[in-house]
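Visitor: Could you take me through the aromatic rings in this one, up close? I'd like to know which rings pair up and where they sit.

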Amino acid sequence: MRADGGKLHLQKMADSTAFSYRTSPIMPIPEGLTSLYGDVVGRFVQDASIPADFTTTASLASAWWTEHGGAAPNAVISIDPIVLQSLLRVAGPVTLADGSELTADNLVQRLLVDPYMTMTSEQQSAFFAQATTAVFTRLFDHGLSPVQWAEALAQPIHDGRISVWSSDPTTQKAVEVGPVGGPLVRQKLAGAGTYAVYFNDNTGGKMAGYMQTSITTAQGICRSDGKHTVEVAVSLTSTAPKDAGSFPSSMTGGGIWGVATGDIGMNVSVAAPPGAFFEGVRIDGQLASSANVDAEGHPTSIAHVNPQPGETNVLAFRFVVDSGEAVHIVHTPMLSDPAIATGALSCD
C-alpha cells in the first residue's frame, strides 16, 4: 500500500505462489530459530511469520518483497482474516466480482474453506485478489470514522492479531513497547510469569480450522532443592471428518510435507520466562523428543504431533523456576480461542 495525502492506496499484491522457495535463507537467521524450526525460516515465504520477534519477521518480509521487485517498505503490518472479519462487522458487507457478498458472518467459510475445497491454485489467487481489492476499497475509499476503527480493531489488537514494524526509528521505538509490537513484545508486556504458546501448522494445507485447543497450567514443588516446576499442557483435538483424507490437496497438503492426508501436523512450542530451566516434554503421558533451545531471549521447547481425525494429543511442557508466581499465558491467535485453565501438578 502507499500512503499519500492522508489516504491509503492498494498498489500491488502477491500471494505465496509468487515467491519461489530458496535453497539458502534470504537473510541470516538467528541460530536459535534454526535449532527450533529447522532451516525453513528464510527459505519459504510462508514461514516469515514463525519468529516471535516481529522485527525479524518484518526483515524477512522486506527481503522477500524487495527480491520480488518491490520497493523497500517503510512499514510492515501483519494481520489475519479475523481482523478483516472485525472490520466488516463495522463497515458492512462488500460485493465481490461475481455479485456475491462477503460479510463478517461468511468470511471464514468463504476465505479459509471454500477456495481450498473447490478452486484450483490459479482460481484461488484470482479470488483472493478480488476479495482483497473489494475489502480495501470499502475500507479506504468509503472510509470509517476513528471511532469505528477503534471499535473494530480493539479486540484483534488485544488478541495479538495485528503486528506492526516501522523503518522510522522513532516510530519503531514507540511500536515495540506496545500491543502491536508482535508476539515477543506481547509476552513481555504480560508480565514476568508469562509463558508463550506458539502453534505452527506444518500440514501444508488449511486443516487448522478443524483444530480445537486448550491450555492448562499447573505448578508445584516436586524437587528436593525446593525449586518450582511449572507445567504448560496443550491439548489439540482434530475435529476433521473421518473422510478428510479425500479432501483436495490444497486443503490437506497432499501428504508432501510428511503429514498424512487428513491429519493435522502441528509444531507446538512454549517459550518460558528468562531464567527458566528445561524439564522435558511429554506427549499423552510419555516422555517425548523435543528441541530445547534458548531462542529470542526465552528458554523454548518445541514438539510435534499429527492428530488424526477425532484424535486428541496432549503435550505437557515442563520448566523449572526458582520460585512460584502466578502463571500467565499468551498464545498464537487461533480461529477459535483455546480455553485456558489452571490444574494440579502431578509429580509422577
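**The aromatic pairs, close up**

Guide: Let's set the scene with contacts, meaning heavy atoms within 4.5 Å: of those in the protein chain with a separation of 6 or more, 69% are between residues 24 or more positions apart. Keep in mind that this is a predicted model, where local features need pLDDT of at least 70, side-chain atom pairs count only at pLDDT 80 or more, and totals for chains, interfaces and linings use all residues. Numbering runs from 1 along each chain as its sequence is written, and side-chain values use heavy atoms, with hydrogens and water left out.

The protein chain has 10 helices and 17 strands; these are DSSP runs numbered from the N terminus, with H or I over at least four residues for a helix and E over at least two for a strand. Of its 348 residues, 44% count as buried, where buried means under 20% relative accessible area, exposed over 50% and partly exposed in between, using a 1.4 Å probe and protein chains only.

Now for the rings. Phe, Tyr and Trp (its six-membered ring) pair if their centres lie within 6.5 Å; planes under 30 degrees apart count as stacked, over 60 as edge-to-face and the rest as tilted. That rule gives 10 aromatic pairs here. One of them is F19 with W64, an edge-to-face pair with 6.2 Å from centre to centre and 90 degrees between the planes. This pair ties together distant parts of the chain: F19 lies in the loop between β2 (7-9) and α1 (31-37), while W64 belongs to helix α2 (residues 54-67), 45 residues apart. Both F19 and W64 are buried.

Next, look at F278 and F319: their ring centres are 6.1 Å apart and their planes are at 45 degrees, so this pair is tilted. Here too, distant parts of the chain are linked, with F278 in strand β11 (residues 277-283) and F319 in strand β15 (residues 312-321), 41 residues apart. The two partners part ways on exposure. F278 has a relative accessible area of 30%, so it is partly exposed, whereas F319, at 0% relative accessibility, counts as buried.

There's also a cluster to find: Y21, F44 and W257 make up one aromatic cluster.

Zooming back out, the C-alpha trace of the protein chain spans about 65 × 50 × 40 Å along its principal axes.
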